Amino acid sequence: MTASTEQSSAYDVGRVRDLAEEGAHARGPLLEILHSVQQELGYVDDTAIAPIADVLNLSRAEVLGVVSFYRDFRRQPPAQATIRLCRGEACQSVGAEGLVAHACERLGVGVGESSEDGRVSLDQVFCLGNCALGPSGVIDGRLVGRLDEATLDELLAPYL
């Protein structure tokens, strides 16, 4: 059994259908249902697409298109910790690109990926509203400004 199959077999597709049926009568229900599924089950597994499409009388392609379009929807279980580094213009002007490259090297993942052990994921954002203190990032929910490689290494230490 592959990791993908193991992951899907533990996913509660019955609960997905229940959430879809509960939200089906809302105005513009698809996004609300997807948010409910992710909030309750942690992510929107590929096996969730068919029951949502069935309940809403949509094609699987329509549902999958929405899930894959919006970055807020995860299609894999979330990592234990998420590192988000700002790549907006203000942060770029003070070294964000080098910081992102350093984080990729230290964590052994690319932007948008999670470590194989599921401990940490690395994501990019394009503004955290902390421009005066760039480069900025959010390390496991905590906004941090004036990041440099040494500070980032300290903050990443628990995840390495």
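The legends below describe close-up views of a predicted model.

**View 1. Helix 2 crosses helix 4.** Helix 2 spans residues 13-23, and helix 4 spans residues 49-56. Their axes come within 9 Å. The crossing angle is roughly 30°. Angles under 35 degrees count as roughly parallel, so helix 2 is roughly parallel to helix 4. The crossing of the two helices is right-handed.

**View 2. Residues at the contact of helix 2 with helix 4.** Helix 2 contributes V13, V16, R17, A20 and E21. From helix 4 come P51, I52, D54 and V55. Six of the contact residues are nonpolar and three are charged. No polar residue takes part.

**View 3. An open sheet of five strands.** The strand order is 2-3-1-4-5, and the pairing is mixed. Strand 2 (113-114) and strand 5 (142-144) stand at the edges. Each has a single partner strand, so one side of each lacks a neighbour in the sheet.

**View 4. Strand 4 pairs with strand 5.** Strand 4 covers residues 137-139. Strand 4 and strand 5 run antiparallel, joined by three bridges. Here I139 stands opposite R142 of strand 5.

**View 5. Helix 7 packs on the sheet.** Helix 7 comprises residues 96-107. This helix touches strand 1 (81-86) and strand 3 (120-125). The direction of helix 7 makes about 155° with that of strand 1.

Conventions
Residues are numbered from 1 along each chain as its sequence is written. This is a predicted model: local features need pLDDT of at least 70, side-chain atom pairs count only at pLDDT 80 or more; totals for chains, interfaces and linings use all residues. Side-chain values use heavy atoms; hydrogens and water are left out. Axes are lines fitted to C-alpha atoms, for helices over the stretch in contact, and angles run from 0 to 180 degrees between N-to-C directions. Helices (H or I, at least four residues) and strands (E, at least two) are DSSP runs, numbered from the N terminus. Angles under 35 degrees count as roughly parallel, over 145 as roughly antiparallel, 65 to 115 as roughly perpendicular and the rest as oblique. A crossing is left-handed if the near helix is turned anticlockwise from the far one by less than a right angle, and right-handed if clockwise. Contact means heavy atoms within 4.5 Å. Ala, Val, Leu, Ile, Met, Phe, Trp, Tyr, Cys and Pro count as nonpolar, Asp, Glu, Lys and Arg as charged, and the others, Gly among them, as polar. Two strands pair if DSSP finds at least two bridges between them.
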